[in-house]
Amino acid sequence: FQEDKIPILHQLIKDDNEWRKLKLKADNKRSERNKISLEISKAKNILLLSGRSSFFNIFNSLINLFKE
């Protein structure tokens, strides 16, 4: 009776390991995206504070292109 469940248990362990690897990869990508977003925000603030509004508009346009 219990021996019939062993292959199911092995598959469950294998699937769990794969899920954990994919979750870690997604978490790392999310962290990388957040760091880039922070850098973009800092760059936008620098452009705004420096009075370079035309550069800011071009920069903002580029950001919007990548969002699409």
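How many salt bridges does the structure hold? The count is 4, and three of them are described below, after a look at the overall build. Keep in mind that this is a predicted model.

**Overall build**

Start with the fold: the protein has 2 helices and 0 strands. Helix α1 covers residues 6–49, and helix α2 covers residues 53–67. If you picture a ball, you'll want to drop that picture. A compact globule of 68 residues would come out with a radius of gyration near 11 Å, but this protein has 23 Å. The C-alpha trace spans about 75 × 20 × 10 Å along its principal axes.

You can get a feel for that from one pair of residues in helix α1. Leu 48 and Asp 27 are 21 residues apart in sequence, and their C-alpha atoms are 32 Å apart in space.

What share of the 68 residues counts as buried? Just 4% of them do. As for the surface, the protein exposes about 6500 Å², with carbon and sulfur atoms supplying 61% of that area.

**Charges and salt bridges**

The protein carries 14 positive and 9 negative charges, and the mean positions of the two sets are 11 Å apart. In general, side chains of opposite charge can pair when their charged atoms come close. Here are three of the pairs, with the distance between N and O atoms:

| Acidic residue | Basic residue | N to O distance |
|---|---|---|
| Asp 16 | Arg 20 | 2.7 Å |
| Asp 27 | Lys 23 | 3.1 Å |
| Asp 27 | Arg 30 | 2.8 Å |

Take Asp 16 and Arg 20 to begin with. Both sit in helix α1, 4 residues apart, which is about one turn of the helix. Are these two buried or exposed? Asp 16 is partly exposed because its relative accessibility is 29%, while Arg 20, at 51%, counts as exposed.

Now move along to Asp 27, which turns up twice in the table. Its partner Lys 23 is also in helix α1, 4 residues away, or about one turn. Its other partner, Arg 30, lies in helix α1 too, 3 residues from Asp 27, again about one turn. Since they share partners, the salt bridges join Lys 23, Asp 27 and Arg 30 into one network.

How exposed is that trio? Asp 27 has a relative accessibility of 29%, so it counts as partly exposed. Lys 23 is partly exposed as well, with a relative accessible area of 38%. Arg 30 comes in at 41%, which also makes it partly exposed.

**Nonpolar side chains at the surface**

Which residues form a nonpolar patch on the surface? They are Ile 58, Leu 62, Leu 65 and Phe 66, and together they have about 470 Å² of accessible area. Ile 58 is found in helix α2. With 52% relative accessibility, Ile 58 counts as exposed, because the cut-off for that word is over 50%.

Compare that with Leu 48, back in helix α1. Leu 48 has a relative accessible area of 48%, so it is only partly exposed under that cut-off.

**Putting it together**

So the picture to carry back to the model is one of 2 helices without strands, with 4% of the residues buried. Helix α1 holds the linked trio of Lys 23, Asp 27 and Arg 30, and a nonpolar patch on the surface includes Ile 58 of helix α2.

Technical notes:
Residues numbered from 1 in each chain as written. Predicted model: local features only at pLDDT ≥ 70, side-chain atom pairs only at ≥ 80, totals over all residues. Heavy atoms only, no water. Patch = residues over 30% accessible without salt bridge, like charges linked within 9 Å, V, L, I, M, F, W, Y side chains within 5 Å. Areas by Shrake-Rupley, 256 points an atom, 1.4 Å probe, with all protein chains shown as cover. Buried < 20%, exposed > 50% of the residue type's maximum accessible area, 1.4 Å probe, protein only. Rg over C-alpha atoms; globule rule 2.2 N^0.38 Å. Lys, Arg positive; Asp, Glu negative; His and termini not counted. Charge placed at Lys NZ, Arg CZ, Asp CG, Glu CD.
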